[in-house]
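Let's take a walk through this fold together, with the model open beside the text. Please have the sequence at hand as well.

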Amino acid sequence: MDELLWAGADAQAQALRSGAVTAPDLLEAVLARAAALSAGLNAFRVLYTDSARAAAREAQRRLDAGERLPLLGVPIAVKDDTDVEGGVTAKGGRPQFPPAAADNPLVAGLRAAGAVIVGHTLTPERCLWPFTESLAYGATRNPWNPSRTPAGSSGGSAAAVAAGIVGAATGSDGGGSIRMPAAATGVFGLKTTRDLIPGQAPGWQGLGVPGPLSRAVADSALLLDAMTGADSYRAAVDTDPGPLRVALVWTCPMGRPPMDPAWRDAVTTAADRLRALGHTVTEDDPGLGPRPTPQFITRYFAGVAEDVDALPHPEWLEPRTRRIAAVGRRVPAAVVGWARRAEAGLHARLAPFLDRYDVILQPTWTRTPLPVGKLHGRGMITTFLGILPLMPYFPTWNVLGMPVATVPVGRAPEGLPTAVQLIGAQHSEALLLSLAAQYERAHPWAADRPSLVESGGA
């Protein structure tokens, strides 16, 4: 059973279909590991134990009756910004709304595919930060090095997957919030094309989208099929991508920022591995320059203000969250309109580049994610000054609404994983999944197990 927990959602689905394990037994193993690691990891805000057990029993009844669905009986975690029927969605802070009357369509799609929803994973308040810490729920820790953050804002989901509690989980990404935790914890993450997943209002003026995090590429493909109602993404994992033209892009809106050697080496290593797989990798620059930055900042601050203003009790929020909202309210509507319209110009500028290349390869972090507590309870300006040098390679792709896969590569000196981004044109998720799966077959990462789990006895 321990090996099956590490195997990921796709392997768990196959084991359930074959009768090698029952859905209730698999769920109990998940719940036991979550309990064993709760103090050291703090990945979940709440486990929906009773409803999950009922769902696992029903899944097993259906399996015994011969029914087959892609995720039937597979335990899946949900980030705490997405409604689960009967549960409170806290979004990293003191709960402001009653229990949800219905599942978010994304969760409904997972249930329709047979998934067992096990709980809500932790996030920083209102999903604002690249670390998962809040005054309400404390700090989530990185399974590879408990002194470091698993990043954020989907840090609880990433930690739960990296620790082998669940094979896959949902996340969301408004400025790197799937990709940063995936890179920090050594799991696969996929930021989706804006509006790909039905029933989701893109957050923060169109910056935010949902997506999966998982131990293996196939796991994320299964979730994406369920989230979208498609049946093609899992098939893409087993499809050879063919020889691709890959642009290695070192530049970002900050130019070419300083980077720790381990994170720079991850990019060059990935480039060499892609060449060995038959792809052409060429250093190039799409020429976007600093243009995405003012568009991102405008949409981020205005979007946070809209989010906070919709709450019944904004006074319950952390001081720095209220401060961001206060700044956002001062952004004129005309400036927000400009930022949304200007996106078309960025796409036009990028189009010739995407005609020459199939995929863009870029760094993730520029240096090791922060120590736990480094910015706990600090003010807005101090927090921004502490995080912005770490993450310049992420926000551009939220402005453009393009899909991005985060692929693990190696290890940094602190024991943390390293990773790279693979960026594609809009709606190129199948291509990214195919390429990432090809890379994974040649350079697998899921067999590695982090120190926190080994020392926790789970």
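In which sense do strand β7 and β8 pair, and over how many bridges? Strand β7 (residues 188-191) and β8 pair in the antiparallel sense, over two bridges. Keep in mind as you look that this is a predicted model. To find the pairing on screen, start from Phe188, whose bridge partner in β8 is Ser214.

Strand β8 also has a partner in strand β6 (residues 168-173), to which six bridges join it, and these two strands run antiparallel. A handy landmark here is Ala169, which stands opposite Leu213 in β8.

Now have a look at how β8 itself (residues 209-214) is covered: six of its six residues are buried. Val209, Gly211 and Leu213 are buried on one side of the strand, and Pro210, Pro212 and Ser214 are buried on the other. Both faces of β8 are thus accounted for. Two residues you have already met, Leu213 and Ser214, appear on opposite sides in this division.

From the strands we can move on to the helices. Two packed helices are described by the angle between their axes and the distance between the axes. Helix α9 (residues 217-228) is a good place to begin, with helix α5 (residues 105-112) as its first partner in our tour. The axes of α5 and α9 come within 7 Å and cross at roughly 115 degrees. Because angles of 65 to 115 degrees count as roughly perpendicular, α5 is roughly perpendicular to α9. The crossing in which α5 passes α9 is right-handed. On the α5 side the contact is made by Leu106, Gly109 and Leu110, and on the α9 side by Leu223, Ala226 and Met227. Sorted by class, the residues of this contact of α5 with α9 are five nonpolar, one polar and no charged.

How does α9 pack against helix α17 (residues 429-442), and at what angle? Here the angle is about 160 degrees, with the axes of α9 and α17 9 Å apart. Angles over 145 degrees count as roughly antiparallel, and α9 and α17 are therefore roughly antiparallel to each other. This time the crossing, in which α9 passes α17, is left-handed. Val217, Ala221 and Leu224 of α9 make the contact, together with Glu429, Leu433, Ala436, Ala437 and Glu440 of α17. The classes in the contact of α9 with α17 come out as six nonpolar, no polar and two charged residues.

Another helix pair awaits us in α3 and helix α4 (residues 49-64), which pack at an angle of about 155 degrees with their axes 8 Å apart. That angle makes α3 roughly antiparallel to α4. From α3, the contact draws on Ala23, Pro24, Leu27, Glu28 and Leu31, while α4 supplies Thr49, Ala52, Arg53, Ala56, Arg57, Ala59 and Gln60. Among the residues in the contact of α3 with α4, seven are nonpolar, two polar and three charged.

While you are at α3 (residues 23-41), look for Ser38, which lies in this helix. Ser38 counts as partly exposed because its relative accessibility is 41%. If you jump from Ser38 to Thr366, 328 residues apart along the chain, the C-alpha atoms are separated by 30 Å.

Helix α13 (residues 319-329) has a buried set made up of Arg320, Thr321, Ile324, Ala325, Ala326 and Gly328. Among the elements that cover these buried residues are α12 (292-309) and α15 (380-387).

Finally, some backbone details deserve a stop. Arg126, in the loop between β3 (116-121) and β4 (133-134), has a positive phi of about 60 degrees although it is not a glycine. Is Arg126 buried or exposed? Its relative accessibility is 8%, so Arg126 counts as buried. Trp204, placed in helix α8 (residues 203-206), is another non-glycine residue with a positive phi, of about 55 degrees. Trp204 has 13% relative accessibility and therefore counts as buried. The last stop is a cis peptide bond, which joins Gly152 and Ser153 with an omega of about 10 degrees. You will find Ser153 in the loop between β5 (138-139) and α6 (155-162).

Methods. Residues are numbered from 1 along each chain as its sequence is written. This is a predicted model: local features need pLDDT of at least 70, side-chain atom pairs count only at pLDDT 80 or more; totals for chains, interfaces and linings use all residues. Side-chain values use heavy atoms; hydrogens and water are left out. Axes are lines fitted to C-alpha atoms, for helices over the stretch in contact, and angles run from 0 to 180 degrees between N-to-C directions. Helices (H or I, at least four residues) and strands (E, at least two) are DSSP runs, numbered from the N terminus. Angles under 35 degrees count as roughly parallel, over 145 as roughly antiparallel, 65 to 115 as roughly perpendicular and the rest as oblique. A crossing is left-handed if the near helix is turned anticlockwise from the far one by less than a right angle, and right-handed if clockwise. Contact means heavy atoms within 4.5 Å. Ala, Val, Leu, Ile, Met, Phe, Trp, Tyr, Cys and Pro count as nonpolar, Asp, Glu, Lys and Arg as charged, and the others, Gly among them, as polar. Buried means under 20% relative accessible area, exposed over 50%, partly exposed in between (1.4 Å probe, protein chains only). Two strands pair if DSSP finds at least two bridges between them.
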